[in-house]
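Please report on this protein model. Begin with one helix and its surroundings, then widen the view to the chain.

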Amino acid sequence: MKLTDALLDLLFPPKCPFCGRVRDTLSICPDCEKALPWTDEGRGLRELRGGFLCAAPLWYEGSVREAVRRFKFQGGVTAAGPLGELIARTAAERFSGEFDVVSWVPVSARRLRKRGYDQSLLLAEAACRLWGVEPERLLCKVRDNPAQSGLESAGERWSNTRDVYAAAGTPAGKRVLLLDDVCSTGATLVSAAETLRAAGAASVVCTAAAFPRPEEENRGEKGKE
């Protein structure tokens with residue numbers, strides 16, 4: 001371990017992103033591993049509008065909701081590693097052999113300037129480290145739409161995500177694993193996936209850290225932006 005890394009660990013020790021307990025490494029503690037609300041043993045799968053499939057390891061509730069919101073809105077970027085590992089594990093189990101490139105749903109340039117980081121990119125980088133690859137930028141956000149969490153109806157949320165993404169890079173012919181933080185209504189992921197498909201992607205499968213419970217899923221995407 002480098003001296004700088006050791007000093008950082010001393011000043012900012014690694015913690016479990018869910019309970020905050022200090023750990024030897026940045027990871028989920030055994031108690032949380034047992035108690036987390038896993039979707040179908042961490043292999044939850046949903047079909048979104050347009051026939052796109054999305055897999056997620058966790059239900060968006062309790063300590064998971066708190067951890068994701070700290071990660072997205074309070075600068076808790078160290079959670080990206082453990083969450084990205086869970087996403088990678090779920091994607092590998094559900095979509096093994098179905099993708100050859102990993103990309104993510106980007107935030108707007110305005111949101112990136114305000115927040116200082118793109119949470120979905122951090123998750124994609126963490127997941128890709130386990131596979132020894134780098135995520136590819138295949139999308140850009142061309143319209144700074146209102147946050148999904150501020151909209152009341154499902155119809156508003158679907159309209160809000162229409163035509164907000166454009167293809168970047170070279171998606172044509174690629175089988176894409178598209179990553180986001182939370183998949184609620186699926187509007188954000190579907191809009192992004194449709195953009196990739198229109199740009200010639202051979203196929204798109206989706207993954208996220210968490211789903212809301214079915215009875216909660218029409219209450220918005222809990223602040224994608």
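Helix H6 covers residues 119-131 in this predicted model. Its 13 residues should span 18 Å at 1.5 Å a residue. The C-alpha atoms at its ends lie 19 Å apart, which agrees.

Much can be said about the packing of H6. Its buried residues are Gln-119, Ser-120, Leu-121, Leu-123, Ala-124, Ala-126, Ala-127 and Cys-128. These buried residues pack against three helices and two strands: helix H3 (62-73), helix H4 (80-95), helix H5 (109-115), strand E4 (101-104) and strand E7 (175-179).

**The N-terminal end of H6.** Asp-118 sits in the loop between H5 and H6. It caps the N-terminal end of H6, with a side-chain oxygen 3.1 Å from the backbone nitrogen of Ser-120. A polar atom of the Asp-118 side chain also lies 3.1 Å from the backbone nitrogen of Val-107. Is Asp-118 buried or exposed? Its relative accessible area is 7%, so Asp-118 is buried; the cut-off for buried is under 20%. Leaving aside neighbours within four places in sequence, Asp-118 contacts Trp-104, Val-105, Pro-106, Val-107 and Leu-112.

**The other end of H6.** Trp-131 belongs to helix H6. Its relative accessible area is 30%, so Trp-131 is partly exposed. Together with Leu-130 and Val-133, Trp-131 forms a nonpolar patch on the surface. The accessible area of this patch is about 260 Å² in total. Gly-132 comes just after H6 and takes a positive phi of about 70°.

**Helix H4.** H4 is one of the elements that the buried residues of H6 pack against. H4 has 16 residues. From first C-alpha to last, H4 reaches 21 Å, close to the 22 Å expected at 1.5 Å a residue. The buried residues of H4 include Leu-83, Leu-86, Ile-87 and Phe-95. Among the others are Ala-80, Gly-81, Pro-82, Gly-84, Ala-88, Thr-90 and Ala-91. After H4 comes Gly-97, whose phi is positive, near 80°.

**Three aspartates.** The table sets out where Asp-118 and two further aspartates lie, and how accessible each is.

| Residue | Place | Relative accessible area | Class |
|---|---|---|---|
| Asp-31 | helix H2 (residues 30-35) | 43% | partly exposed |
| Asp-40 | loop between H2 and strand E1 (44-47) | 46% | partly exposed |
| Asp-118 | loop between H5 and H6 | 7% | buried |

Asp-31 and Cys-19 are 12 residues apart in sequence. Their C-alpha atoms are 9.1 Å apart in space. What is the phi of Asp-40? Phi of Asp-40 is near 45°, a positive value in a residue other than glycine. Most residues other than glycine have a negative phi.

**The whole chain.** How many helices and strands does the protein chain have? Its secondary structure comes to eight helices and nine strands. The protein chain has 225 residues, of which 50% count as buried. Among contacts between residues at least 6 apart in sequence, 74% join residues at least 24 apart. The protein chain exposes about 10600 Å². Carbon and sulfur atoms supply 51% of that area.

Terms used
Residues are numbered from 1 along each chain as its sequence is written. Side-chain values use heavy atoms; hydrogens and water are left out. Helices (H or I, at least four residues) and strands (E, at least two) are DSSP runs, numbered from the N terminus. The expected span of a helix is 1.5 Å times one less than its number of residues. Buried means under 20% relative accessible area, exposed over 50%, partly exposed in between (1.4 Å probe, protein chains only). Contact means heavy atoms within 4.5 Å. A polar contact is a pair of N or O atoms within 3.5 Å; within protein, one must be able to donate a hydrogen and the other to accept it, and residues adjacent in sequence count only if both atoms are side-chain atoms. Patches are made of residues with over 30% relative accessible area and no salt bridge: like charges are joined within 9 Å, nonpolar side chains (Val, Leu, Ile, Met, Phe, Trp, Tyr) within 5 Å. Accessible areas come from the Shrake-Rupley method with a 1.4 Å probe; for residues, only the protein chains shown count as cover. A salt bridge is a side-chain nitrogen of Lys or Arg within 4 Å of a carboxyl oxygen of Asp or Glu.
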